[in-house]
Amino acid sequence: MKFSINKNLLAQAASIVQRAASTKDTIPALSGMLLTAEKDRLTLQATDLDIGIKRTIFPADVASEGSALVNAKYFSDLIRYLSEEEVTIALDETNNKLNVFNGLSSSYLNLYNPDDFPEMPLDKVSHISTIPQTILKNSIRKTIIAAAVSHFKPVFTGILFDFSGDSLTMVASDTHRLAVIKNEQVKSENQPGQYIVPVRMLSDIARILEDSDSEINIGLADNHIVFYTTEQDLSCSSRLIEGQYPNYIQVIPKNFVNTFLVNSALLTRAL
């Protein structure tokens, strides 16, 4: 494997994919990032079995195809601090190293066995709905504040995705507070259902999503929920939290003694 690619594009993709790599030393391959060069593109993947992120960069100048599994943190840090715009990466199979060339500098990283990298559930995705990225990003930010960091009931450490018709309602609660937001700008496949997605995954998704009307797809693969673009250049998967989410509709009051209309900016500053 040997390829050349824009350093900034590679650094950005590596920093995103690195979020899914494990920080524990139990299984070395789970702390790795799988690099796959083929045709005119480079694909980066990482997973800790609970969440997984896959990013594809194109175009890439691929001299020879192949794959390598390298420590995600070391690779991301190395690429980020390179100075020249173009970086060339070559696999040294004899010494099991990944050589990185940038201008007059050269570095190498030791490799893991790529056969140990687990297969990510991204090839058999059943599509549920499509939503603008900015809508999903804002919805996550407005609900994630109410989710529990830790709780003896795991369902409260996630956000409920409640699909019904052409709407998506997202709900979070730590049993003391409740956040609910309903989105009508959803293209649904008429597959109503409720899925509880871990806060950790959605926090990373909110950082990755763009503030634009470009769309992101939502689908299911086994017991994972998958967020992916139509171009397939970004895929994020997360294991779903098992359990029954409480009936949040019953908690929301239907009648009020008093109702006040206030300036939100002034209220925020006062609080």
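Here are four short exercises on the structure above, each with a worked solution.

Before you start, keep in mind that this is a predicted model, where local features need pLDDT of at least 70, side-chain atom pairs count only at pLDDT 80 or more, and totals for chains, interfaces and linings use all residues. Residues are numbered from 1 along each chain as its sequence is written, and side-chain values use heavy atoms, with hydrogens and water left out.

**Exercise 1. Work out how many residues of helix 3 are buried, and which ones.**

Step 1: get the terms straight. Helices (H or I, at least four residues) and strands (E, at least two) are DSSP runs, numbered from the N terminus. Buried means under 20% relative accessible area, exposed over 50%, and partly exposed in between (1.4 Å probe, protein chains only).

Step 2: find helix 3, at residues 133-143. Of its 11 residues, 8 are buried, so the helix is mostly covered.

Step 3: name them. You should get Q133, T134, I135, L136, K137, S139, I140 and T143.

**Exercise 2. Find which strands pair with strand 6.**

Step 1: two strands pair if DSSP finds at least two bridges between them.

Step 2: look at strand 2 (residues 32-38). It runs antiparallel to strand 6 (residues 66-71), with 6 bridges; L35 has A68 as its bridge partner.

Step 3: now try strand 9 (residues 105-112). This one is also antiparallel to strand 6, joined by 2 bridges, and here V70 sits opposite L111.

**Exercise 3. Describe the surroundings of strand 11.**

Step 1: check the cover. In strand 11 (residues 158-164), 6 of the 7 residues are buried, so the rest of the structure largely encloses it.

Step 2: list the pairings. Strand 15 (residues 193-198) pairs antiparallel with strand 11 through 6 bridges, and L160 faces I196 there. Strand 12 (residues 167-173) is antiparallel to strand 11 too, over 5 bridges.

Step 3: inspect the turn. Strands 11 and 12 make a hairpin with 2 residues between them, and G165 in that turn has a positive phi of about 60°.

**Exercise 4. Is T169 buried or exposed, and what does it touch?**

Step 1: locate T169 in strand 12, where it is the bridge partner of D162.

Step 2: read its accessibility. T169 has 9%, so it counts as buried.

Step 3: collect its contacts (heavy atoms within 4.5 Å). Skipping neighbours within four places in sequence, T169 touches L160, F161, D162, V180, I181, K182 and Y248.
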